[in-house]
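Here is a walk through one protein model, taking its empty spaces and its packed parts in turn. Have the sequence and the 3D view open while you read.

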Amino acid sequence: MGNPKAFLTIDRKEAGYRPINDRIHDFGEVEQTLNSNDRRLQASRCMDCGVPFCHWACPLGNKPPEWNDALYKGDWELAYRLLNSTNDFPEFTGRICPALCEKACVLNLMDHQPTTNREDEAAITEHAFEENFVRIEHPERNGKKVAVIGAGPAGLTTANQLNLKGYEVTVFEARENNGGLLRFGIPNFKLNKSIIDRRIHVLEQEGIHFVYNAPIDVEHIEDSTAESAKKAGSSETKFDAYVVCTGTPTARDLKIPGRELKGVYFALDLLSQQNRILAGQEFKKEELVSAKGKDVLVIGGGDTGSDCIGTAHRQGCKSVTQIEIMPKPPVGPDDPQNPWPNWPRTLKTTSSHEEGCTRRWNINSLEFLGKDGKLTGVKVQEIAWEPNPQGGRPIMKPAGKPEVIKCEMVLLAMGFLRPQQPSFPENVFVAGDAANGASLVVRAMASGHQIARAVHAYLSK
């Protein structure tokens, strides 16, 4: 701990976002960066607590005190080595993680100015790539082969961990490219896709094989992977173990009258298509999911809904309204229901919300309204939640008269259904959202670590 009093003399300083009137006209990353001197000063604020709750809060077990200390002392390479020892892809989490570690930081308890771990993490990794600190590993092979089904965060982490242990790893991806949610769900203004490409290039150099446009039938996983491998011209068609990392592909629907109207879409219909367009793909006019010139209603108050708001603005929408069926979270920084060091479920205002959005809570959707097959509005009703006398989920009751929200586009961002997996043979494992349901990228990566250890233990018998 280089400066034990820095937290007393240096305030938390975030890099902040690009100006709104600048960023809404492009899909460039909205977050800015601090200069190296300011970044080291921010790292010096880490107290190296006797009991570092940041370790406890991070699903990956990251060790911010260690790499923040190295960063403060100017040893960027050591900082990266320490960071990368627990986090396979800190350039991803450094951009999109909600930073559970920061909410568990002792400085957050003291004065709500936690160490800027997430930004430090991103800065360390960018510096590592710039200075060629990212080594290409060439593990000694052990003669065993593993197939990973799905190239999202869990799949990439599992593949990386097993590859470093000496296994020949082939990743099968149903889509045309890797990344899963990182590439097809998260907008470029939060995560530029060149960041993914850069890391995939490292993984390929280290020996991981990728097979794209290869949907795998997990109920016939051995035959399906062998067939896809043959089509791709791979000689690896027989595997000793399989890891299913297919995420949560089924979005939660809203089956109310008028669902068939043109203009009602799932959130990923918008987000994935926009990312593909930015990658150079072309779509016919009738295939486009565009918010240009429209009043947009986002149903769902989570991060995916926020991503829809930012994307709609960049496409040139007329207005955006976001509604949520649950009550408005408490305005922070503290949450009495989830006291420190737990994650506070307080009101979150994202960069997309700052760009302009009407937000409402306790709103239930009753019917999609339309004319000539096209959406014109949604009939909604304010509701209240009352305690259930029998316990369990509160009871929803009407609290206002039905009203109509005018809109020409609805984006359903209500989460994803937890997949039901079949019974698998003992050499088939399940990781990430495919096993646990939709969650954070950092939790999917942590699951990849856990399952890689389980595969290694199984194959080492």
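The lining of the second largest pocket is a mix: 5 nonpolar, 7 polar and 6 charged residues. For these classes, Ala, Val, Leu, Ile, Met, Phe, Trp, Tyr, Cys and Pro count as nonpolar, Asp, Glu, Lys and Arg as charged, and the others, Gly among them, as polar. The pocket holds about 370 Å³ of space. Of its 18 lining residues, Asn-84, Ser-85, Glu-137, Asn-160 and Leu-164 are the closest to the centre. Helix by helix, α6 (76-84), α11 and α13 are the elements that give two or more residues to this lining.

Before going on, a word on what you're looking at: this is a predicted model, where local features need pLDDT of at least 70 and side-chain atom pairs count only at pLDDT 80 or more, while totals for chains, interfaces and linings use all residues. Residues are numbered from 1 along each chain as its sequence is written, and side-chain values use heavy atoms, with hydrogens and water left out.

How do you find a hole in a protein? Rolling a probe the size of a water molecule over the atoms shows where empty space is left. Here that's done on a 1 Å grid over the protein atoms alone: a cavity is a set of points where a 1.4 Å probe fits but cannot get out, a pocket is an open set with protein on both sides within 12 Å along at least five of seven lines, and lining residues have an atom within 4 Å of a point. Grid points are joined across faces, edges and corners, and a volume is the space filled by probe spheres set on the points. As for element names, helices (H or I, at least four residues) and strands (E, at least two) are DSSP runs, numbered from the N terminus.

The structure has 4 cavities of 30 Å³ or more. Here are two of them:

| Cavity | Volume | Lining by class | Elements supplying at least two lining residues |
|---|---|---|---|
| Largest | about 110 Å³ | 13 nonpolar, 2 polar and 1 charged residues | α4 (53-57), α5 (64-72) and α9 (106-111) |
| Second largest | about 100 Å³ | 7 nonpolar, 3 polar and 2 charged residues | α8 (100-103) and α10 (117-130) |

Which residues lie nearest the centre of the largest cavity? They're Cys-46, Cys-49, Cys-54, Cys-105 and Val-106, out of 16 lining residues. The second largest cavity has Cys-58, Cys-97, Cys-101 and Ala-99 among its lining residues.

Ala-99 is worth a click. It sits in the loop between α7 and α8 and has a positive phi of about 65°, although it is not a glycine. Ala-99 counts as buried because its relative accessibility is 6%, and buried means under 20% relative accessible area (exposed is over 50%, partly exposed in between; 1.4 Å probe, protein chains only). Asn-362 also has a positive phi, about 55°, without being a glycine; look for Asn-362 in the loop between β8 (358-361) and β9 (363-371).

Now for the packed parts. The largest nonpolar core has 39 residues, and Val-146, Val-243 and Val-455 have the most contacts inside it. Such a core is a set of buried Ala, Val, Leu, Ile, Met, Phe, Trp, Tyr and Cys residues joined through side-chain atoms within 4.5 Å. Elements that each supply at least two core residues include β1 (145-149), β4 (241-244) and α19 (441-459). The largest share, 9 residues, comes from α19.

In a regular strand the side chains alternate between the two faces of the sheet. In β4, both faces are covered: Ala-241 and Val-243 on one side and Tyr-242 and Val-244 on the other are all buried. Strands pair if DSSP finds at least two bridges between them. β1 and β4 run parallel, joined by 4 bridges, and Val-146 stands opposite Ala-241 in β4. β4 also pairs in the parallel sense with β14 (residues 428-430), over 3 bridges, where Phe-429 is the bridge partner of Val-243.

Finally, two cis peptide bonds to find. One joins Gly-332 and Pro-333, with omega about 10°; another joins Trp-340 and Pro-341, with omega about 5°. Pro-333 lies in the loop between β7 (319-324) and α17 (351-354), and Pro-341 is in the loop between β7 and α17 too.
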